[in-house]
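I opened this entry to look up how the helices pack, which aromatic rings pair, and what a few chosen residues touch. My notes follow in the order I worked.

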Amino acid sequence: MHEPLEQDRHEPAETNGGEPSARNRLRYIILGLLWAHPMSGYDIKQAFDRAIASYWNAGNSQIYTTLKSLSQAGLVESEVIVQTARPNRKVYRLTEAGQTELEQWLEEEVPDRFTKDEFLTKLFFCGETSDEIALHHLQHHRESLLQQLAYMERVKQQYASRPTRRPRLLEYQMLVREYKEAVLKAGLEVTEHAIERLNDQTPERP
């Protein structure tokens with residue numbers, strides 16, 4: 001008889017509940033890229049492939065569909081640049097309304113039940129805001145990681161000593177949890193290092 005581990009619904013987990021959808025996250029990534037400087041759809045795709053694809057990727061059709069939606073909403077505007085030796089380029093730039101929406105999103109609290117992509121997307125563009133905002137998101141992320149690690153430790157202690165009729169099955173289930181625990185600990189180490197570095201370079205307020 002199959003003996004699954006306790007359901008993970010009680011675990012502080014990375015979920016999509018209560019946070020922007022994947023489509024909205026792409027929307028904010030594009031707004032963030034255009035915040036740095038105007039770009040064509042091709043430039044945006046190159047930026048994805050060069051700097052963002054390690055944690056988030058998007059195809060040309062997704063990018064151009066999102067650009068169209070942003071343009072209709074008045075968050076970006078476009079200009080066709082005429083070229084003689086090459087095809088004309090359609091370049092997009094952030095409007096004032098687009099910058100306002102992006103800044104508000106970056107300053108919003110990351111929900112307690114969030115995805116890693118949500119955290120990384122905000123952190124990626126914090127260089128356009130302030131160290132204080134980045135520090136806030138990092139501290140919030142650290143608390144989430146600590147909660148997940150504490151939960152996994154309780155489960156590991158509970159199931160490591162539980163009698164089982166299928167020890168080999170339990171062994172591999174525990175191996176999966178040990179793997180995730182190692183990933184969480186690595187993330188915690190990087191997060192704490194980043195917090196320490198920002199604290200060192202942020203002047204104390206009187």
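Before listing neighbours I fixed the term: I count two residues as in contact when heavy atoms lie within 4.5 Å. The model I am working on is predicted.

**Overview**

I began with the secondary structure. The protein chain has 7 helices and 3 strands. Read from the N terminus, the order of elements is α-β-α-α-β-β-α-α-α-α. I then looked up burial, and 38% of the 206 residues in the protein chain are buried. For contacts between residues at least 6 apart in sequence, I noted that 67% join residues at least 24 apart.

**Arg27**

I looked up Arg27 next and found this residue in helix 1. Is Arg27 buried or exposed? Its relative accessible area is 19%, and the cut-off for buried is under 20%, so Arg27 counts as buried. Setting aside residues up to four places away in sequence, I listed the residues that Arg27 touches: Thr66, Ser69, Leu70, Leu75 and Glu101.

**Aromatic pairs**

I kept two numbers for each pair, since a pair of aromatic rings is described by the distance of the centres and the angle of the planes. The count came to 2 aromatic pairs. In one of them, Tyr28 and Trp105 have ring centres 4.5 Å apart and planes at 5 degrees, so I entered this pair as stacked. Which parts of the chain does this pair tie together? Tyr28 belongs to helix 1 (residues 22–36) and Trp105 to helix 4 (residues 96–107), so the pair links parts that are 77 residues apart in sequence. I checked burial for both partners. Tyr28 is buried at a relative accessible area of 13%, and Trp105 is buried at 1%.

The other entry is Phe124 with Phe125, an edge-to-face pair with 5.0 Å from centre to centre and 80 degrees between the planes. Phe124 is partly exposed, with a relative accessible area of 35%, whereas Phe125 has 4% relative accessibility and counts as buried.

**Helix 2 and helix 3**

I turned to helix packing, where two packed helices are described by the angle between their axes and the distance between the axes. The axes of helix 2 (residues 41–52) and helix 3 (residues 60–72) come within 10 Å and cross at roughly 125 degrees. That angle makes helix 2 oblique to helix 3. I recorded the crossing of helix 2 past helix 3 as right-handed.

Which residues meet across this contact? From helix 2 I listed Gly41, Tyr42, Ile44, Lys45 and Phe48, and from helix 3 Asn60, Ile63, Tyr64 and Leu67. By type, the residues of this contact divide into 6 nonpolar, 2 polar and 1 charged.

**Pro38**

I looked up a loop residue as well. Pro38 sits in the loop between helix 1 and strand 1 (39–40). Its relative accessibility is 39%, so I put Pro38 down as partly exposed. The contacts of Pro38, without its neighbours within four places in sequence, are Val91, Tyr92 and Arg93. I also noted Pro38 and Ser78, which are 40 residues apart in sequence and 9.0 Å apart in space, C-alpha to C-alpha.

**Leu145 and Leu188**

My last lookups were two leucines. Leu145 lies in helix 6 (residues 131–160), and Leu188 in helix 7 (residues 167–201). Are they buried or exposed? Leu145 is buried, with a relative accessible area of 4%. Leu188 has 12% relative accessibility and also counts as buried.

Apart from residues up to four places away in sequence, Leu145 touches Leu184, Gly187, Leu188 and Thr191. With its neighbours within four places likewise left aside, Leu188 is in contact with Arg142, Leu145, Leu146 and Leu149. Each of the two leucines therefore appears in the contact list of the other, given that contact means heavy atoms within 4.5 Å.

I closed with two C-alpha distances. Leu145 and Leu184 are 39 residues apart along the chain, and their C-alpha atoms are separated by 6.4 Å. Leu188 and Leu138 are 50 residues apart along the chain, with 9.8 Å between their C-alpha atoms.

Note on methods
Residues are numbered from 1 along each chain as its sequence is written. This is a predicted model: local features need pLDDT of at least 70, side-chain atom pairs count only at pLDDT 80 or more; totals for chains, interfaces and linings use all residues. Side-chain values use heavy atoms; hydrogens and water are left out. Axes are lines fitted to C-alpha atoms, for helices over the stretch in contact, and angles run from 0 to 180 degrees between N-to-C directions. Helices (H or I, at least four residues) and strands (E, at least two) are DSSP runs, numbered from the N terminus. Angles under 35 degrees count as roughly parallel, over 145 as roughly antiparallel, 65 to 115 as roughly perpendicular and the rest as oblique. A crossing is left-handed if the near helix is turned anticlockwise from the far one by less than a right angle, and right-handed if clockwise. Ala, Val, Leu, Ile, Met, Phe, Trp, Tyr, Cys and Pro count as nonpolar, Asp, Glu, Lys and Arg as charged, and the others, Gly among them, as polar. Rings of Phe, Tyr and Trp (its six-membered ring) pair if their centres lie within 6.5 Å; planes under 30 degrees apart count as stacked, over 60 as edge-to-face and the rest as tilted. Buried means under 20% relative accessible area, exposed over 50%, partly exposed in between (1.4 Å probe, protein chains only).
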